[in-house]
Amino acid sequence: MKILLVEDDGFKSGQLKDFLSTLRSATEIQMARSVASGKEALRQSYFDVIFLDMSLPSYDIDRYEPGGTPKIFGGSELLGYIDFLDYATPVVVITQFERFSTGEEEVNIHSLGKNLASDYPNNFKAIVYFNAASEKWKTDLKKVLLELMV
Amino acid sequence: MTLNKSTKKYYPSTLKNFLRGARQQSEPSYFKNLRSYFAGSAPVSKPNSGSYIKAIDVARQVLTEDAFPTFIDKHWGYWRKKHPQLTLGKLEHYHQLRKTPTFTPLCLEREIAWSAGVLQKRIPTLKRFHSLLQSLQENLLKEDYAGGHQALDQIDDVCGVSFWSIEARIALFQLQSGLERHKAYVGVVYEGAPGSFAAYIAYMVSRRNEEASSTTGFLKDLESQIAEHDLDNDLAKYLRYRLTGVIHNVEDCASILAHELSTSLVDLYEAFITTLTLVSSRNPLPNLLNLIRPLTKIGDERLIKIAFLLGETAQLNDLAWRDLAPYKAILQGDYSGCVQVLEQAIDSNQRDFKSLILLARCHAQLESNLGEPLTLLETVLGCLQGLFQFRSDYTNCLATLAKIKMNLRVFPVINSLCGFPSQMHGHDLQKNRELWGELFVNDPKTDPFDIVMMSGDQKQFYQELGSQHYNSNATFEGITSLLNSSSEDANPLSFSEDEKLLIEAFSLQASGMDSDATVVTDKMLSSHNRLVKLEGVCLKARSLAKSATLKAFMDLCAFWCTREDVLTYILPIAEVLGNRSLKAIKPDYSSLSTSITFHLLLRNKDDNKAQDYLRWSCDEFLESHKLTRPSKLLQILEQFDRPQVGYFLSEVCKPQILEACRHLRKTKDLEEERINICTTLMELDFDHVEAYQQEIMTLSTKLSVDAGIQLLDRSRVFVNTSGIRRWATRELGEIFARCKALLTTQKGIAAQVEKIIQKLLTVSTDKGNILYINPYEEADKILLDLIQTLRHQFLNSPDYGLDSFLSMRIRHGTIAGTLRGPADDLKLLTTRDASGKYQANEYWLSRIYNTSPEQRKKVKDHLMWFSESYDSVIELLVKPSLQIRSEKKSKGLFKVELDEKHILQIRTALQDKPESTLDEFTDVIFDYFHHLLNADLQTVRDYLERDVKSSFEGLFKELQERLAQSLRQEQYVDLKDASAEAFTRVQNTLLRIIDWFHLENSLSATQSFSIEEVCRIAIGSAMRALVGFEPEIQIYSHSEQTMGASVLEELSDILFVALENVSRHSGISEKPLITVTIEYNSEDSMLYLDVVNPIASYVKSAASERKLETIKAAIRDGSYKEQVQSEGGSGLMKLQRNVSSHPRHKLDFGFLDDQHFYIHIGIPITLAQHIVIPTPAKIIEKTS
């Protein structure tokens, strides 16, 4: 199974990778750390499933790159791009925020999930809340993955 | 709003409470009242009346509508005696409004029938109302406000109070005396009926009418109130109508009428006319005419026109027909002549709003400058002219008219006059019909142009009637003939070609367009008259929008909007593209018009999806032409329309859009490309050359500052080997010569040396790790001394050594500030108080909800623990590791330890090359040291990446666990999110910090900077570390010299200390205004820096002046050197250490006066040899 994981938080991506590798041995995980590298990966390869963080930098942050504009809804932008490319790949959003605010408007994780489901019914499968202090996200993610396999 | 004393008295405490409640977003009490009113549970005057009214409600539902008049007639007498509220009798007090429970709404036709039945019984009163309404409107338009109030008083006397009269009075007061007076009146309503529906309506209307309240803002606010209070649908429809005039669907009128039946006679009558206007212009219901006919006795021309639209022709001739002289003049292109006639017509009848519209059109053709409007009518005229003329302030004109319409919506004439623009470029046929219907009905006269919204039979009748009235006047015949047919030869008159086209366009617009549109629009597009041409563009765009030829639509929009910007807000771009996904419409990506149209869409509809579509279409466009960046478009310029290329480059290709271009992969790429684009635009768009130059300059400076900050970050780990070399020449020359001589004579005893080397020991002392050797041989002893001395200088020299730079550029403030930054930004950290205890985090304690005292206590402790632990990671894990390792600093990761093999190699090298100079020898030694330092830096990076990162991970994880144990999820959502966000940011910050630990000798860097850039970079770098300190810094520099990177580093060290000094000691916490003056003096080759900052009143004291004197004395006698070895201490001494590496330097500081402190510094500098200024040309060269 080929997975794309778009996540800028090193700790979270480490946790996710560890978790995914326990589920299935023949899993190939490709990483992207920003909207731009996520899009590049999408243009280059086809994936069986995509895991997206919601808030992402525009570019991969490194010693020469501060990351560009931070995108509160970067994951949503990537979902739109997947839809635009006409891919049928299932997408799971994994976020460690319960509320998203752009200053003008605020949306909670449940409403965001509903909006994404309505906007991208062919791709969006679930939104999972990642909390480093709890193991619940693993159960939730496992359940989503099982449903996807069915 | 500021209330003066006289106004305050109108605000009783309950209203204040209510306003306060609204601000606090708690539910105002009137909403509770409203719900109970509309649930039917409101108290009624008599015990049995509730059940009687319920019976009437049932009768309304079971009787046929034909039976309504008889039923009402039969019970009227009883109602007048026992239930006057059913007869909409005169109400004396505001609190009586809406005392009766609302009837269950019927279907629209039945509701109209019931309302008509009630109104028929009140014809004499309504006659009086109609006459007074005319008088009121005339007074309003003449700005005779006293007369207006008199008419309103009379209306209240005759008909009783109503919501309509409250609204009209607020509008009059607003026009007459502004906000204060109308607010005072609202206070009176509230005092008379506190907590009532009337008070609510008065309050909302007053808010709506405030100048600062926009139409869209008020509508949005009302909708959110409706949603928040979960009002039922009928009430929501009624409130929308009552407060904004908005009726989403004609069927909603049933709910509105049902509500007004329990309000007042005037409110029912006006709602009835609004309803019938909509119904008759859209889909006349059968049998409606029979219900209306008796009401025409009121004499209200609106009802006569409605009756006409429903099929009654008899009374139309009773109305006044508009004079045709102005039309004749306009149609022949004599706009000036027409202006005079129209002004007279308006003077004689202010309600003649169509004359005002015609006048605006004439002024548009004449491009008149009407000056600042002084009256309401002048404002409306100016705005209408702006719309007809497609002026650049088109949207402002539209907004102003919409605001006036909303504020004065109870006056039919103003309502129609200001509502006219809505149909000018609308393309919704159904809506157009309603708007034309409203114009027709509210116009006090009859007009030849009314024919456009009539049906076949009506047209014929109307034309015959008009011909009789105008005695077959050629103008009337010509207009009606043109409006009846769009064929070219239909008009036999000498109308100007432009006017003929405009009338045809008008006809097409009114009728919602037809197949002839293309013929007309093509003619219009080739007209020399700009107004005709732009009308043609609008018409064609709507035609294309309807015929779903998307590509042609986009081409048209892109072509014309890039030439006439105002069209961006007029063409139906949002209607066509707004709700469709990019994938679904599958536009042609190779066309420039696709990106441009999406940009136009974004300007109309600011949402994330529209922005994404624009970005992707831009990327796809470049890709389809195999362009790696937009500036390369210049190479294939001839393939495209030039104005569109200009628009694309200047407006579309901005960094936030370019971000999505696949070949631009870094922030720097975007900025460099934007500079290239601006350079290209300077050749394409001469009108805005200065703006592009300015943009280039801003971006170049930003790039330069970013590069400088990056350079500074990478030069934090630094050893001034040049300085050590100079020192060595002075101090070690003699000993080196002796060592070399001895080593040369002992050549050939390598075996013995090896033996000696084997016995080398590393001994840790207070001065660091010292290589110790048994002095079997004097030469080796000297060699080892030399190496040891150089190592000591390399690591510990207070002027040149690694530790000095680690202290100054990393340990002192910078690393703590940078690491604290992300958590500090999200308010997760507090600082210690005077007792050393961490303060409670009041910010987050006030943002957790519904907590028990125990929970609060726990959270308080957790957050204090977090702050303490966070700082502990910095103080106990990070800082100690960034030391030179010694016995005392055993956690230090910087060792730079030469081993036996290295020493042997150095010795052999010296023996093999006895002619080596001291410089060559130090070069060899420094190579070894650098090599070893690089290994240490790797250790530091690994340590930060592994140990420090995992400590922060553990810390954040534990914070979340602790909070989860103490609080329920819903109590601290924001805090949880902030903690997650902070952790991501900390990880990114750590990445940046890890990057500091590379050895890059920036003294050799080729970049150069202007003096001002140097200053900005230094300040930018300092501010990243001084988190929470937000001064306002003014930089003054008139020198244009360019400096090398070494000056940048030096100045950065100086400014960091200077700014930190202000942050710590100025006593000003709120944005101190700091002035930084920097000048290069070519006479003495010195760079002078002056920093002046404000100080709090208590800062200058005898004690502080004594302290300054002590510092100055320590600087004079050199004892400061001991004191700056450790972190902390006086910044002023650190400044002295920084500048003292130059024998020729200046440092002065002190109180300028009681309110300011100054620092004056002078250092000798060498100007950059090769001035490298990033110019656009260079960047183009580089990027291409």
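Here are some friendly notes on chain A and on two helix pairs in chain B.

1. A word on conventions: this is a predicted model, in which local features need pLDDT of at least 70, side-chain atom pairs count only at pLDDT 80 or more, and totals for chains, interfaces and linings use all residues. Residues are numbered from 1 along each chain as its sequence is written, chains are lettered from A and ligands numbered from 1 in the order in which they are written, and side-chain values use heavy atoms, with hydrogens and water left out.

2. Chain A has five helices and seven strands (DSSP runs: helices are H or I of at least four residues, strands E of at least two, numbered from the N terminus). Starting at the N terminus, the order is β-α-β-α-β-α-β-β-β-α-β-α.

3. On overall shape, the radius of gyration of chain A is 14 Å, which agrees with the value near 15 Å for a compact globule of 150 residues (taken over C-alpha atoms; the rule is 2.2 Å times the number of residues to the power 0.38). The C-alpha trace of chain A spans about 40 × 35 × 35 Å along its principal axes.

4. Of the 150 residues in chain A, 53% are buried (under 20% relative accessible area, with a 1.4 Å probe and protein chains only). Among contacts in chain A with a separation of 6 or more, 67% join residues 24 or more positions apart (contact means heavy atoms within 4.5 Å).

5. In chain B, the axes of helix α44 (residues 814-825) and helix α49 (residues 973-996) come within 8 Å and cross at roughly 160° (axes are lines fitted to C-alpha atoms over the stretch in contact, and angles run from 0 to 180 degrees between N-to-C directions). α44(B) and α49(B) are therefore roughly antiparallel (over 145 degrees). The contact includes B:I815 and B:L819 of α44(B) and B:V986 and B:W996 of α49(B). By class, its residues are nine nonpolar, three polar and three charged (Ala, Val, Leu, Ile, Met, Phe, Trp, Tyr, Cys and Pro count as nonpolar, Asp, Glu, Lys and Arg as charged, and the others, Gly among them, as polar).

6. Helix α39 (residues 721-731) and helix α48 (residues 918-966) of chain B have axes that come within 11 Å and cross at roughly 140°. That makes α39(B) oblique to α48(B) (the class for angles that are not under 35, over 145 or 65 to 115 degrees). Residues that meet here include B:I724 and B:R725 in α39(B) and B:D923 and B:F926 in α48(B). This contact of α39(B) with α48(B) has four nonpolar, four polar and three charged residues.

Methods: Buried < 20%, exposed > 50% of the residue type's maximum accessible area, 1.4 Å probe, protein only.
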